[in-house]
Amino acid sequence: GYPDAIGYWVGAQLPRWNIGASLMNGEYWTTTFDLTAFLAGARNRDQIINRIVTVMFAGCISNADRANLTSYLGATPGGIPSRQKLTETIWLAIGSPSFQWM
């Protein structure tokens, strides 16, 4: 996780999170995010998580971050995530400590 001290939050951390949130919320009119193309046929939780890890992290993600993504996406009733849940999971990946090192 992230430290609970103000010194760690000064700089580019919060703006990077905001960019991720804005991208996933469709707030950039010059940039779009095609969720269907991104998922490339991934249908269940494990396939979706593997796709996120492959595309966004080139396969390199901490065990803790993978567990957080899996847990969040796995909390979906019926096992089929909604579009909202999928975009929130990708935004969570963008905000993860592993992504900050990419």
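# Notebook: a chain of helices

I began with the whole chain: of its 102 residues, 33% count as buried. I noted straight away that this is a predicted model.

**Entry 1: the overall plan**

I looked up the secondary structure and found six helices and zero strands. Read along the sequence, the pattern is α-α-α-α-α-α. I then checked the contacts between residues at least 6 apart in sequence, and 55% of these join residues at least 24 apart.

**Entry 2: H3 against H4**

How do helix H3 and helix H4 pack? I found H3 at residues 45–57 and H4 at residues 63–74, with an angle of about 140° between them and their axes 10 Å apart. That angle makes H3 oblique to H4. I checked the cut-off here, because roughly antiparallel needs an angle over 145 degrees. The crossing of H3 and H4 is right-handed.

Next I listed who meets whom. From H3 come Arg45, Ile48, Ile49, Asn50, Ile52 and Val53, and from H4 come Arg66, Leu69, Thr70, Leu73 and Gly74. Sorted by class, this contact of H3 with H4 has six nonpolar, three polar and two charged residues.

I picked out Thr70, which lies in helix H4. Is Thr70 buried or exposed? Its relative accessible area is 19%, so I wrote down Thr70 as buried; the cut-off for buried is under 20%. Setting aside neighbours within four places in sequence, I found Thr70 in contact with Arg45 and Ile49.

**Entry 3: H4 against H5**

I moved along to the pair H4 and H5, which pack at an angle of about 165° with their axes 10 Å apart. These two helices are therefore roughly antiparallel to each other. Their crossing is right-handed.

Which residues meet where H4 packs on H5? On the H4 side I noted Asn68, Leu69, Tyr72 and Leu73, and on the H5 side Lys85, Leu86, Glu88, Thr89, Leu92 and Ala93. The classes in this contact of H4 with H5 are six nonpolar, two polar and two charged residues.

**Entry 4: H3 against H5**

I then turned to H3 and H5, whose axes come within 11 Å and cross at roughly 40°. The two helices are therefore oblique to each other. H3 passes H5 in a right-handed crossing.

The H3 residues here are Ile48, Ile49, Ile52, Met56 and Phe57, and they meet Leu86, Thr89, Ile90, Ala93 and Ile94 in H5. By class, I found nine nonpolar, one polar and no charged residues in the contact of H3 with H5.

**Entry 5: a look along H5**

I wanted to check the length of helix H5, residues 83–94. At 1.5 Å a residue, its twelve residues should span 16 Å, and its end C-alpha atoms are 17 Å apart, which agrees.

Which residues of H5 are buried? I listed Lys85, Leu86, Thr87, Thr89, Ile90, Ala93 and Ile94. I kept a general point beside that list: an α-helix has 3.6 residues a turn, so residues three or four places apart point the same way.

**Entry 6: Ile90 close up**

I chose Ile90, a residue of helix H5, for a closer look. At 1% relative accessibility, Ile90 counts as buried. What does Ile90 touch, leaving aside its neighbours within four places in sequence? I found Met24, Phe33, Leu35, Phe38, Ile52 and Met56 in contact with Ile90. Of these, Ile52 and Met56 also appear in my list of H3 residues that meet H5.

I looked up one distance as well: Ile90 and Val53 are 37 residues apart in sequence and 9.9 Å apart in space, C-alpha to C-alpha.

**Entry 7: two alanines in loops**

Last, I looked at backbone angles. Phi of Ala40 is near 45°, a positive value in a residue other than glycine. I found Ala40 in the loop between helix H2, residues 35–39, and H3. Its relative accessibility is 54%, so Ala40 counts as exposed.

Where does Ala58 lie? Ala58 is in the loop between H3 and H4. Phi of Ala58 is near 50°, again a positive value in a residue other than glycine. With a relative accessible area of 59%, Ala58 is exposed.

Technical notes. Residues numbered from 1 in each chain as written. Predicted model: local features only at pLDDT ≥ 70, side-chain atom pairs only at ≥ 80, totals over all residues. Heavy atoms only, no water. Axes fitted to C-alpha atoms, helices over the stretch in contact; angles between N-to-C directions. Helix = DSSP H or I, 4+ residues; strand = E, 2+ residues; numbered from the N terminus. Parallel < 35°, antiparallel > 145°, perpendicular 65-115°, else oblique. Left-handed = near helix turned anticlockwise from the far one by under 90°. Contact = heavy atoms within 4.5 Å. Nonpolar A, V, L, I, M, F, W, Y, C, P; charged D, E, K, R; others polar. Expected span 1.5 Å × (residues − 1). Buried < 20%, exposed > 50% of the residue type's maximum accessible area, 1.4 Å probe, protein only.
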